[in-house]
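Notebook open, model loaded. I wanted to look at the pocket first and then at one pair of helices.

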Amino acid sequence: MPDSEVALAPGQATDRVAIVTGASEGIGRAIALRLAADGYRVAALARSRERLATLQEEIGERSLPVVCDVRSVEDVERSVQEVLGWRGRIDALVNCASATRFGTTSTLSDEEWVVGFEVKVFGALRLMRAAWPALAARRGAILNIGGIGARTPSDAVAMTGPLSAALLALTKVFADRGVGDGVRVNAINPGAVLTPRLVAMLTLRAETAGITLDEEIAAMEQRDHVCRLGTPEDIAGLAAFLLSPASGLVHGAILDADGGRTKAL
């Protein structure tokens with residue numbers, strides 16, 4: 001039976017190696033932890049050495065912390081070679097690094113826009129190019145973490161839409177290449193997810209309004225008309241599926257995970 005037809009149960013990924021960028025916090029951290037729990041050896045990439053050390057304490061010897069700034073071509077290429085030197089293979093790549101800033105078109109500076117594109121779009125591009133030969137050798141998989149703003153852009157969070165839309169287009173481009181090279185490429189569009197960053201923002205709103213955090217979360221769920229806000233673990237579960245052989249026929253797909261907020265087809 002071809003490997004792509006074999007579904008792996010949690011803990012059965014054996015020696016598969018996954019690179020996860022933006023792994024020191026939020027969604028990236030949750031994905032790194034989930035893949036490690038599923039049996040992957042995880043190369044966790046981020047800029048913070050201290051946060052990576054904390055993550056490694058949780059994962060243990062199955063992890064490789066790699067300090068990497070995805071804005072640097074040299075850093076990216078060095079990191080990929082470090083992973084190959086560690087285990088000799090790359091089976092999965094998750095691009096989750098982001099430097100998106102909250103703000104409107106009138107408040108965000110040119111520098112903030114440039115940094116946003118450098119990290120989320122060009123960083124993903126660099127990782128996919130650098131890891132592609134190793135992924136093709138293993139008939140591996142790539143997962144890009146975009147954002148629902150790509151489908152519903154808004155001036156209130158002006159940067160999220162254009163950055164995510166560019167990453168989704170890049171996903172489709174590499175998926176086209178992957179048909180011939182045997183690399184599956186997909187993307188997830190998270191909606192509002194209770195990352196530490198969003199929780200901090202909602203906590204401030206709650207304090208200003210004189211209500212509890214739970215009340216503010218409930219109010220946001222009602223305003224956005226969603227079944228509930230997401231958690232990093234929600235996205236990690238979807239990531240584990242899309243990287244697994246169980247999703248072997250899913251290729252070039254973009255999965256919205258926003259609790260039903262987006263109504264368009």
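What volume does the largest pocket have? I got about 1500 Å³ for the largest pocket. I'm keeping in mind that this is a predicted model.

Next I pulled up the lining. There are 50 residues lining the largest pocket, and S98, T100, F102, T195 and R197 sit closest to its centre.

Then I sorted that lining by class. I counted 21 nonpolar, 17 polar and 12 charged residues in the lining of the largest pocket.

I also checked which elements contribute. At least two lining residues each come from α1 (26-37), β2 (41-46), α4 (110-138), α5 (160-181), α6 (196-209) and α7 (213-224). Which of the elements gives the largest share of the lining? That is α6, with 5 residues.

Since α1 turned up in the pocket lining, I looked at how α1 packs on helix α2 (residues 49-59). Their axes are 10 Å apart and the packing angle is about 25°. Angles under 35 degrees count as roughly parallel, so I'm noting α1 as roughly parallel to α2.

Which residues make the contact? On the α1 side I found R29, A32, L33 and A36, and on the α2 side L55, E58 and I59. By class, this α1 and α2 contact has 5 nonpolar residues, 2 charged and no polar ones.

Left-handed or right-handed, how does α1 pass α2? I noted a right-handed crossing.

Conventions:
Residues numbered from 1 in each chain as written. Predicted model: local features only at pLDDT ≥ 70, side-chain atom pairs only at ≥ 80, totals over all residues. Heavy atoms only, no water. 1 Å grid on protein atoms, 1.4 Å probe; cavity = no way out; pocket = protein on both sides within 12 Å on 5 of 7 lines; lining within 4 Å. Points joined across faces, edges and corners; volume = space filled by probe spheres on them. Helix = DSSP H or I, 4+ residues; strand = E, 2+ residues; numbered from the N terminus. Nonpolar A, V, L, I, M, F, W, Y, C, P; charged D, E, K, R; others polar. Axes fitted to C-alpha atoms, helices over the stretch in contact; angles between N-to-C directions. Parallel < 35°, antiparallel > 145°, perpendicular 65-115°, else oblique. Left-handed = near helix turned anticlockwise from the far one by under 90°. Contact = heavy atoms within 4.5 Å.
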